[in-house]
There are 2 protein chains.
Amino acid sequence: MAPRELVVLGTASQVPTARRNHNGYVLRWDDLTVLFDPGEGTQRQLVRAGVSAPSIDRICVTHAHGDHCLGLPGVLLKRSIDQASSPVTLHYPEQSRAEIAVLRRAGLPAGAPPAPCVEAPVDAGVEPGLVATDAAGRWRLLAAALDHRAPAVGYRLQESDGVRMLPDRLAAAGVEGPDVGRLQREGRLTLTGGDGRERVVRLEDVSAPRRGQVFAFVMDTRPCAAADALAEGADLLVAESTYLHPDSSLAEAYGHLTARQAGELAAKAGARRLVLTHFSRRYGDDGEVFAREAREVFPDVVAVDDLDVVSVPPRA
Amino acid sequence: MAPRELVVLGTASQVPTARRNHNGYVLRWDDLTVLFDPGEGTQRQLVRAGVSAPSIDRICVTHAHGDHCLGLPGVLLKRSIDQASSPVTLHYPEQSRAEIAVLRRAGLPAGAPPAPCVEAPVDAGVEPGLVATDAAGRWRLLAAALDHRAPAVGYRLQESDGVRMLPDRLAAAGVEGPDVGRLQREGRLTLTGGDGRERVVRLEDVSAPRRGQVFAFVMDTRPCAAADALAEGADLLVAESTYLHPDSSLAEAYGHLTARQAGELAAKAGARRLVLTHFSRRYGDDGEVFAREAREVFPDVVAVDDLDVVSVPPRA
């Protein structure tokens, strides 16, 4: 099984620095690869991180501010140069159709068709709504409307709940080999014992429920119910933390979180690991000041740098 | 007097690498600052190079391929964030009006006016034509049509010819103090000698002609007469060299120069210093292979890296 991990491409907020590129985050989730918020320079950061542009299945844009989307034309161009075999699916707030249309044409000859992608704009409310599902039923992608200065959405990737097979019970029930998979798929199995009598083994007799893992991506927003709902029970929660607590009035004014508010979001949601990013350059280049503030209210905090890779915590 | 120098922001061709950002070049020429070909990531490279976005007076785009212009929206946005006091002037091939219009809207809210700039598209022919002049008459900016797969122009910044005052002759003619400046401005001076007789000193009697310095910028093109004309007598010539000589058929097919052709361009033009850039990643990350090839035909070659600063050679 491929790892479930976040590859961080950029961690600046409005203005990039020598250390921090504009936003960009790749989530690798089994055989699914999602690019969130391709800020300017994302195609180069993909090269640096060793992520191939054609490997991206979906691009999720939270909002149409430049630091979250100006890298989209370059990523689409790079996919074309690298001969991606199928168009990427593009999610973004439906209020930003016009802005996205411009970005799909940027860098292309005037008469050419826009860069190939399947647009799937998101009509989001406060409650997370369904954006996409896996054909095999393994996950659902949800989105909810955040509270920023522009129409903005956050995302939540929710693995389907499943079961964990219990080896002792399987052995006691005499289920082995290909029968295990069949039982998982079909929910029940009819076996013929040595005495010729049939008996039924039900999945719930030999397994325990396994809660699906959750990844949540909460960018530019004030604290809000939608952020809480997206983050609920997340194994890995990525949250912007543009400001520190002493500047919470600026955070409120510009529609952002402080590091402490990001920590509070993680704590309230019962998240397992919090990734902080989208740092204002006003505090210097060391993300540790943000992590320290968030750790006052939540323990497992990583303030990421560009090209960091953060694992989704293994199942508890 | 401020230095005359080229600040290199990016040196990749179509695909950026860990070492090379997409194109971007800042020419500092006395009190004039010109940004050439803002590829993606230019706003961040400006930060790295310590060049303020509002200090840019003119942006010269050679053509509308993404690697030469996708950084334009970000540069315009950064100028706005940094509260540039006056709009930048934007030059580009006039056939690319539609592509530039898209870039001026990228990253902005749908209803907002396009990013402020004064558009001055270039209607270029093979002979370098005038694009802009300095109000004080100190320089002229010229452009000519290159031979690429898209409408493309090269640029030439030409200092006005002037004079160099000769101290010995000034002393012999009895011209000193404020009279020196007046003679330079007015071309002649009437002095009254100790004997009460008037005599005329002409500028040409106490000075020697001084040829203006020249900067030339020749991006994506096959060898052509326009490139020759732009480069003629250049003190500093920037030329793309996407390929090496063994791949000259690729260079021809895609409308590019080999390093040797760039060297031949410099030699034929009688240039003084050649800057090579826009390197294909197929040859690895070391620009020295390009410099070596060009040096077979021209001596003063610099294969630049990102953030290099190259001086315009001092007057001979």
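How many salt bridges are there over all chains? In this predicted model, the count comes to 42. A few of them are worth walking through, starting with chain A.

There, A:Arg138 pairs up with A:Asp31 through their side chains, at 3.2 Å from N to O. Both partners sit in loops: A:Arg138 in the one between β7 (129-133) and β8 (139-145), and A:Asp31 in the one between β2 (24-29) and β3 (32-36), so this salt bridge ties together parts that are 107 residues apart in sequence. As for solvent, A:Arg138 is partly exposed at 35% relative accessibility, while A:Asp31 comes out as exposed, with 53%.

Over in chain B, the side chains of B:Arg20 and B:Asp305 form a salt bridge of 3.1 Å, again taken N to O. B:Arg20 belongs to the loop between β1 (5-10) and β2 (24-29), and B:Asp305 to the loop between β17 (301-303) and β18 (309-311), so the pair links parts of chain B that are 285 residues apart in sequence. Here B:Arg20 is buried, with just 2% relative accessible area, whereas B:Asp305 is partly exposed at 21%; with the cut-off for buried set at under 20%, B:Asp305 does not count as buried.

Chain B also has a salt bridge between B:Lys78 and B:Asp82, with N and O 2.6 Å apart. The lysine, B:Lys78, is buried at 7% relative accessibility, and B:Asp82 is partly exposed at 26%. Not every salt bridge stands alone, though: back in chain A, shared partners join A:Arg4, A:Asp30, A:Glu159, A:Arg210 and A:Arg315 into one network.

How values were computed:
Residues numbered from 1 in each chain as written. Chains lettered and ligands numbered in written order. Predicted model: local features only at pLDDT ≥ 70, side-chain atom pairs only at ≥ 80, totals over all residues. Heavy atoms only, no water. Salt bridge = Lys/Arg side-chain N within 4 Å of Asp/Glu carboxyl O. Helix = DSSP H or I, 4+ residues; strand = E, 2+ residues; numbered from the N terminus. Buried < 20%, exposed > 50% of the residue type's maximum accessible area, 1.4 Å probe, protein only.
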